[in-house]
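Open the model in your viewer and keep the selection panel at hand. We will go stop by stop, picking elements and then single residues.

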Amino acid sequence: MEHLDVAVIGGGQSGLAAAYALRKQGLKPVMLEASGRTAGSWPHYYDSLTLFSPARYGSLPGLPFGGDPERYPHRDEVIAYLLRYANQLDVDIRTGRRVSEVRADGDGFAVALEDGSRLTARAVVAATGGFGQPNRPALSGLDSFNGTVLHVADYQSPEPFAGQRIVVVGGGDSAVQVATELATHARVSLASRAPIKWFTQRPLGGTDLHFWLKATGLDIAPLGRLQRAPATMAVIDDGRHKAALAAGAPDRRPMFTGIDGSKMTWGDGTVEDIDAIVPATGYWPDLGYLAPLDAFGGQGRRLHRDGTSLTQTGLAYVGLEWQRSLSSASLRGVGRDAERIARRPAAHLARR
């Protein structure tokens, strides 16, 4: 059986940042990525997605994003950047290797893969991030709906919905952006439990919001320690989406109260036929492979401090929302968290 220093599970931005930081500590990480390439969740996002932060803030450690630093890179640019980053890492990267479970094994871990192979590792970094598993909440009457239900994780572009009556569910960035895009081809309502909250993308004279987050220290403040659940974030907007909602394309409504077949009932008693519902209700971390370690608390909450497990010596996380700070699950912040957690495996392995 193969024996590793550190197994990094996940080969997206979190895994790449973790591998880089571990190499700086003198360790020899092996990255295990389920898909065929090291781009994480990015290839699955909708076609029009762009970063919310300018390129100057969107780099992993050791490799600038490149190009105009003030532009907002497109999804495909991010994918190309992550692949380029993986190519320059001096790390053993193994794609097509999905981990099925991790168990405690003496003073280390036994790692089982879906292809039936097994290996052991002295330490494990769970770097599958916070966006691997779509959150599909129980919406009133959704089980009886006979139209199309498409989580935003599976949405690509608005053209297939042309001329339809669509309801997008959610109040975050993806919900607002997808609803606005769909409204150029269909009649769309955005259903949310509370009014939309907004952040201006370039406040105070046109300087990007992320400049101010960095300048004030809010981007790296350890607020994650205070979070019992991920905070609800406002929508970052350059003015277009807020204007679209103000013009009713899409219109924003409180949550519907029921569904029967194709008919949706709204809070005011109005009933109408709906063709498709698009839940844009976020994601959960895909960490089922850690179930044998008893690493979670109530409601699946990860038990960690700044990414270091509180239940298993040698286990760490990278890429969770609010793992340490506002930027923990982003390209601009994951490298800082990775550097912090990499010191622990290095110290742990040095003692043995």
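Start with helix H3. Its buried residues pack against S9, strand S10 (187-192), S11, S12, H5 and strand S17 (276-279). Keep in mind that this is a predicted model.

**Stop 1: helix H3**

Select 173-182 to show H3. How many of its 10 residues are buried? The count is 9, so H3 is largely enclosed by the rest of the structure. The buried set is Asp-173, Ala-175, Val-176, Gln-177, Val-178, Ala-179, Thr-180, Glu-181 and Leu-182.

**Stop 2: the second largest pocket**

Keep H3 on screen and turn to the second largest pocket, which holds about 320 Å³ of space. It is lined by 15 residues, and those closest to its centre are Ser-48, Thr-50, Gln-177, Arg-240 and His-241. Color these five. Gln-177 is also one of the buried residues of H3.

Next, add strand S12 (235-237) and helix H5 (240-246); along with H3, each supplies at least two residues of the lining. Which element gives the largest share? H3 does, with 3 residues. By type, the lining divides into 5 nonpolar, 6 polar and 4 charged residues.

**Stop 3: the parallel sheet**

Now show the strands S8, S17, S9, S10 and S13. These 5 strands form an open sheet in the order S8-S17-S9-S10-S13, with parallel pairing. The edges are strand S8 (148-149) and strand S13 (251-254), each pairing on one side only.

Select S9, residues 165-169. All 5 of its 5 residues are buried, so S9 is largely enclosed by the rest of the structure. Look at the side chains: Arg-165, Val-167 and Val-169 point one way, while Ile-166 and Val-168 point the other way.

Step across to S10. It runs parallel to S9, joined by 5 bridges. Val-168 has Leu-190 in S10 as its bridge partner. On to S13: S10 and S13 pair in the parallel sense over 4 bridges. Here Ser-192 is matched with Pro-254 in S13.

**Stop 4: Arg-165**

Go back to S9 and zoom in on Arg-165. Is this arginine buried or exposed? Arg-165 has a relative accessible area of 4%, under the 20% cut-off, so it counts as buried. Show its contacts beyond four places in sequence: among them are Arg-187, Arg-253, Trp-266, Glu-272, Asp-273 and Asp-275.

**Stop 5: the antiparallel sheet**

Display S14, S15 and S16. These 3 strands form an open sheet in the order S14-S15-S16, and the pairing is antiparallel. Strand S14 (258-260) and strand S16 (271-273) are the edges; each has a single partner strand, so one side of each is left without a neighbour in the sheet. From one strand to the next, the twist averages 25 degrees.

Select strand S15 (residues 263-265), which pairs with S14 over 3 bridges. Label Ile-259 and you will find Met-264 of S15 opposite. Then pick Thr-265, also in S15. Thr-265 is partly exposed, at 26% relative accessible area. Its contacts outside the nearest four places in sequence are Phe-256, Thr-257, Gly-258, Thr-270 and Val-271. For scale, draw a C-alpha to C-alpha distance from Thr-265 to Ile-9: it spans 44 Å, across 256 residues of sequence.

**Stop 6: loops**

Select Gln-201, in the loop between strand S11 (198-200) and helix H4 (209-216). Gln-201 counts as buried, at 10% relative accessibility. Residues it touches include Phe-52, Tyr-72, Ile-236, Asp-237 and Asp-238.

Move to Pro-250, in the loop between H5 and S13. A cis peptide bond joins Ala-249 to Pro-250, with omega about 10 degrees.

Next comes Asp-306, in the loop between strand S19 (304-305) and strand S20 (308-309). Check its backbone: phi is positive, about 55 degrees, although Asp-306 is not a glycine. Asp-306 is buried, with a relative accessible area of 8%.

Finish on Trp-322, in the loop between strand S21 (315-317) and helix H6 (334-350). Its phi is near 55 degrees, a positive value in a residue other than glycine. Trp-322 counts as buried too, at 11% relative accessibility.

How values were computed. Residues numbered from 1 in each chain as written. Predicted model: local features only at pLDDT ≥ 70, side-chain atom pairs only at ≥ 80, totals over all residues. Heavy atoms only, no water. 1 Å grid on protein atoms, 1.4 Å probe; cavity = no way out; pocket = protein on both sides within 12 Å on 5 of 7 lines; lining within 4 Å. Points joined across faces, edges and corners; volume = space filled by probe spheres on them. Nonpolar A, V, L, I, M, F, W, Y, C, P; charged D, E, K, R; others polar. Buried < 20%, exposed > 50% of the residue type's maximum accessible area, 1.4 Å probe, protein only. Contact = heavy atoms within 4.5 Å. Pairing = 2+ DSSP bridges. Axes fitted to C-alpha atoms, helices over the stretch in contact; angles between N-to-C directions.
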